[in-house]
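Subject: Structure handover

Hello,

Here is the structure I promised to pass on. My notes follow below it.

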Amino acid sequence: RRCRQCGLYQAEIRQVDHYISLFFIPLLRVKQGEPFLFCRQCERIMANGRGAAPFAETGAPPRMCRQCGRPLDRGFNYCPNCGQPTI
């Protein structure tokens, strides 16, 4: 699919499910994740596969991780990309 940010055909549909695991082996799916579009070129996440912005539009720019520089949701205590604390 075409990415709305960079314009290249590098976007693909992904879905992240949540599992109960034992020693890093997933055993039981607890929650099925929402499908989303992810661009392999610009690494932008588009919610619901419809090209929506990755974070709610509040007028304020999203928080950025100090370690890797990627945008963070306001409720995150740790960066989901590099694992560093956001505080």
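Two strands count as paired if DSSP finds at least two bridges between them. Strand 4 and strand 5 (residues 45–47) meet that with three bridges, in the antiparallel sense. Please keep in mind that this is a predicted model.

**Overall make-up**

The protein has seven strands and zero helices. Read from the N terminus, the order of elements is β-β-β-β-β-β-β. Of the 87 residues, 14% are buried. The exposed surface comes to about 7,000 Å², and carbon and sulfur atoms supply 52% of that. Take the contacts with a separation of 6 or more: residues 24 or more positions apart account for 23% of them.

**The sheet**

Strands of a sheet pair through backbone hydrogen bonds, either parallel or antiparallel. Here, three strands form an open sheet, and the pairing is antiparallel. Their order is 1-4-5. Strand 1 and strand 5 are the edge strands, since each pairs on one side only. On average, neighbouring strands of this sheet are turned by 30° against each other, direction ignored.

Strand 1 (residues 11–14) pairs with strand 4 over four bridges. In that pairing, Ile13 stands opposite Leu37 of strand 4. On the pairing with strand 5, Phe38 stands opposite Ile45. The hairpin of strand 4 and strand 5 has five residues between the strands. Within this hairpin, Glu43 takes a positive phi near 60°.

**Strand 4 and the core**

Which residues cover the two faces of strand 4? Phe36 and Phe38 lie on one side, Leu37 and Cys39 on the other. These four residues of strand 4 (residues 36–39) are all buried. As a rule, the side chains of a regular strand alternate between the two faces of the sheet.

Leu37 and Cys39 also belong to the largest nonpolar core. Its other members are Cys3, Ala11 and Met46, which makes five residues in all. Ala11 has a long contact list, given here without residues up to four places away in sequence. It touches Arg1, Arg2, Cys3, Leu37, Phe38, Cys39 and Met46.

**Cysteines**

How many disulfides does the structure hold? The count is zero. A disulfide is a covalent bond between the sulfur atoms of two cysteines. The cut-off for calling one here is 2.5 Å between the sulfur atoms.

Why is Cys39 not bonded to Cys42? The sulfur of Cys42 is the closest cysteine sulfur to that of Cys39, but at 3.5 Å it is too far for a bond. Cys39 itself is buried, with a relative accessible area of 0%.

Cys79 is in no disulfide either. The nearest cysteine sulfur to Cys79 is that of Cys68, 3.7 Å away. Cys79 counts as buried because its relative accessibility is 4%, and the limit for buried is under 20%.

**Ser21**

One residue outside the sheet notes above: Ser21, in strand 2 (residues 18–22). Is Ser21 buried or exposed? Neither label fits: Ser21 is partly exposed, because its relative accessible area is 44%. That value falls between the limits of 20% and 50%. Setting aside neighbours within four places in sequence, Ser21 is in contact with Pro26 and Leu27.

Best regards

Terms used
Residues numbered from 1 in each chain as written. Predicted model: local features only at pLDDT ≥ 70, side-chain atom pairs only at ≥ 80, totals over all residues. Heavy atoms only, no water. Core = buried A, V, L, I, M, F, W, Y, C linked by side-chain atoms within 4.5 Å. Buried < 20%, exposed > 50% of the residue type's maximum accessible area, 1.4 Å probe, protein only. Contact = heavy atoms within 4.5 Å. Areas by Shrake-Rupley, 256 points an atom, 1.4 Å probe, with all protein chains shown as cover. Axes fitted to C-alpha atoms, helices over the stretch in contact; angles between N-to-C directions.
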